[in-house]
Every structure is written in C-alpha cells, then in structure tokens.
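Me: I've got a model open and want to check some of the labels people put on it. Can you take me through the reasoning?

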Amino acid sequence: MFQTLYSYFWWERLWLPANLTWADLEDRDGRVYAKASDLYITLPFAFLFLVVRHLFETYVATPLAGLLNVKEKVRLKATPNAVLERFYAATSKHPKQADVEMLSKKSGCTVRQVERWFRRRRNQDRPSLLKKFREASWRFTFYLIAFIAGMAVIVDKPWFYDLREVWKGYPIQSVLPSQYWYYMIELSFYWSLLFSIASDVKRKDFKEQIIHHVATIILISFSWFANYVRAGTLIMALHDSSDYLLESAKMFNYAGWRNTCNNIFIVFAAVFIITRLVILPFWIMHCTMVYPLDLYPAFFGYYFFNFMMVVLQVLHIFWAYLIIRMAQKFITGKVVEDERSDREETDNSEEEEEVAKNGPLSNGHPVLNNNHRKTD
C-alpha cells in the first residue's frame with residue numbers, strides 16, 4: 001500500500017508538464033538537476049540553526065543588548081494566592097465577570113483586587129524585553145545575510161532582468177551550486193522558525209505566522225521538486241529585502257532609540273509595500289501565472305504553485321494593513337509600535353489614585369508613613 005501511495009504521489013503528471021518524465025531530469029553530462037532527496041538535509045540543518053541561534057543570542061545578542069542599554073520594565077508581581085493561581089493555570093487567564101465575583105468570594109479579595117491580580121499575573125508570563133531584543137537580533141542577522149547572499153545568487157542571471165528567461169528551457173534547467181545552497185539554507189531556516197514558534201514571542205498574528213511558515217516551507221519545497229528554482233530564488237530574495245529592516249526597527253525600539261526606529265520603519269514600510277504589493281503580484285506572480293502557459297498546458301503543479309503564491313499574497317495584504325495602521329500612528333505623532341504585539345496591561349489609573357491618597361508605591365503596594373504596607 002505504501003508503494004502505491006508513493007507511486008501516486010510522485011506521478012509525473014502531478015509535478016511535470018505533459019510529455020516529460022523524471023528520467024528527463026536525471027543528472028547527465030555534468031548537469032545537475034533538483035531532486036526531492038536533496039531536501040532531506042534541511043531537517044538536520046534546521047536543528048543546527050536552533051543551536052547556532054542559541055549561541056548567537058547568548059554570546060552576541062545579549063552583550064549587544066547591554067551596549068544599547070536595553071532595559072527591562074519593572075513589573076508589579078501578583079501577590080501569591082493559591083485560589084487565583086489554580087484558576088489561572090487550569091481554567092482561564094482572562095476570567096469573565098461572573099468568575100471574578102466567584103473568585104472574590106473564594107479568595108477573600110475584593111473584585112478590584114482580583115482583576116488587578118490577573119493583570120499582573122498575565123504580565124509576569126509575557127516575554128521580557130531582552131527576549132524580544134535577542135529574537136529580533138537573530139532574525140535581523142539572518143535576513144540581512146540571506147538578502148545579500150540571495151542577490152549575489154541572482155543578480156548576474158539573465159532572468160533577474162528579463163522574467164521570460166525564468167521559463168527558458170523549462171523544466172530541463174540545471175541547478176547551480178549557489179542556487180542549491182541558497183535553497184537549502186532558506187528552507188532550513190523556515191523549518192527552524194516553525195520548530196521554535198511555540199517558544200518564541202507570541203504576537204496577535206500567531207496563527208497567521210504559522211500559516212506563513214507552513215506555506216513558505218511547502219512553496220520552497222514544491223518549487224524545488226518541480227524545478228521552479230529560478231522563480232523560487234527571485235521570490236525568496238524579494239521577501240528577504242524588507243524583513244531585515246523590520247527586525248532592525250524592533251531592535252532600536254527595544255533599545256529606546258525612537259527616532260532611529262521610526263526612520264527605519266518608514267523605509268521598511270515603503271520597501272514592504274513596493275515589493276509585496278506591487279512587484280510580487282504584478283511582476284513575479286504574472287511571471288508564474290502567464291508566461292508558463294506560452295510553453296506548455298497548465299498542469300497540477302502549475303495550479304498548486306500559484307495557489308500557494310495567492311495564500312502568501314493574502315497574508316501580505318493582512319500585514320500591509322497592520323503596517324499602514326502603524327504608519328498612521330507615526331504620522332499623527334503617536335509612538336510607532338508593532339501592531340502584532342500583545343501589549344502589556346497596566347493599572348496606572350488605579351495606582352495613581354492610590355498614590356494621591358497614600359503616597360508612593362513599592363511593588364504595587366502603597367508605602368505608608370508608619371512603615372506598614374496596605375493589604376492589596
């Protein structure tokens with residue numbers, strides 16, 4: 001049964017145009033072609049990336065954070081409370097009003113104190129500023145190196161200047177060593193992002209990020225199987241062209257360099273919109289949807305590849321919406337923040353009211369003149 005499924009999966013009509021077989025893509029006369037077995041190496045490489053990332057964040061990003069004076073916010077800790085902790089861990093981190101009232105009776109706290117406890121407890125679980133900075137530093141470093149490497153791979157190729165050259169001789173197009181390593185490294189990196197997504201900083205677009213990573217992995221893998229390598233290198237370089245700008249803006253934001261962050265963000269927004277909403281759909285997707293039909297009838301691989309391109313484009317539109325929202329805040333003079341971030345909750349208004357009545361706070365508790373702390 002396994003052999004039957006294997007045969008169906010690798011049926012040539014799924015992957016190749018009519019009248020072509022896998023035998024046509026066997027290495028010969030010094031010409032090397034893309035093969036599915038090449039991608040096995042990306043899984044161990046992905047775990048190697050995780051090791052390199054850990055070393056980078058420990059020995060490069062952390063000292064860099066110190067040099068840039070990345071400072072942690074002082075977080076008010078939730079007072080230990082067994083009843084509230086059990087509910088937080090087992091039921092919900094965001095209790096409804098009825099739950100708050102029930103917990104108030106069980107714990108002996110007021111409703112206001114229960115609500116404040118959950119705010120502070122949620123803040124304790126949020127990632128630290130140092131963690132965010134280290135993660136942004138790692139991605140910035142990879143995306144910058146990947147973009148430079150990608151441009152080096154494609155800038156001297158004829159299809160970089162004439163997109164019709166992408167399909168010249170397709171699919172009998174041999175793979176250069178530079179293209180091979182560009183593909184293997186990019187795919188390995190996205191596997192590593194997928195493996196680490198549970199432990200990375202979670203943002204509001206967590207589900208969209210998973211969809212993006214999975215779609216990217218499928219698209220890169222399929223383009224290698226079906227020998228869409230020329231188009232694939234263009235698409236990967238196009239994506240890397242703006243990602244490193246976003247990560248660098250985050251780094252400066254975490255370091256408190258607001259003007260630098262805002263200026264880089266403006267450049268990032270312009271590059272993102274031009275590359276993802278103009279060049280990708282009107283040049284690259286036009287190239288993958290229209291030009292191949294001049295050479296061969298549409299087949300499953302053609303439809304599948306372009307369907308995955310549409311999925312990515314929908315995600316780009318979603319992220320462009322968030323970017324435009326941030327740009328509007330910048331133009332109106334508000335601080336630019338990552339719209340995808342899960343903002344830290346505060347209870348400043350309540351504490352300011354208590355400060356006015358009772359004096360300054362220490363870890364969320366007003367310090368009284370008689371050196372006793374008011375019960376929270």
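Me: Why is G150 called buried?
Reply: This is a predicted model, and in it G150 has a relative accessible area of 0%. Buried means under 20%, so G150 counts as buried. G150 is found in helix α7, which covers residues 129-154.

Me: How do you know how far apart G150 and L238 are, in sequence and in space?
Reply: Along the sequence, G150 and L238 are 88 residues apart. From C-alpha to C-alpha, the distance in space is 8.9 Å.

Me: How much of the chain is buried?
Reply: With the same kind of cut-off, under 20% relative accessible area, buried residues make up 45% of the 376 residues. The chain exposes about 20,000 Å², and carbon and sulfur atoms supply 64% of that.

Me: What makes an empty space inside the protein a cavity?
Reply: A 1.4 Å probe has to fit there but be unable to get out. A search of the whole structure finds three cavities of 30 Å³ or more. The second largest cavity has a volume of about 150 Å³.

Me: Which residues line the second largest cavity?
Reply: The lining has 15 residues, with T216, L219, I220, I235 and M236 nearest the centre. Helices α8 (177-196), α9 (206-225), α10 (229-254) and α12 (300-331) each give two or more residues to the lining.

Me: What classes of residue make up that lining?
Reply: Eight nonpolar, five polar and two charged residues line the second largest cavity. Leu, Ile and Met count as nonpolar, so L219, I220, I235 and M236 fall in that class.

Definitions and conventions
Residues numbered from 1 in each chain as written. Predicted model: local features only at pLDDT ≥ 70, side-chain atom pairs only at ≥ 80, totals over all residues. Heavy atoms only, no water. 1 Å grid on protein atoms, 1.4 Å probe; cavity = no way out; pocket = protein on both sides within 12 Å on 5 of 7 lines; lining within 4 Å. Points joined across faces, edges and corners; volume = space filled by probe spheres on them. Helix = DSSP H or I, 4+ residues; strand = E, 2+ residues; numbered from the N terminus. Buried < 20%, exposed > 50% of the residue type's maximum accessible area, 1.4 Å probe, protein only. Areas by Shrake-Rupley, 256 points an atom, 1.4 Å probe, with all protein chains shown as cover.
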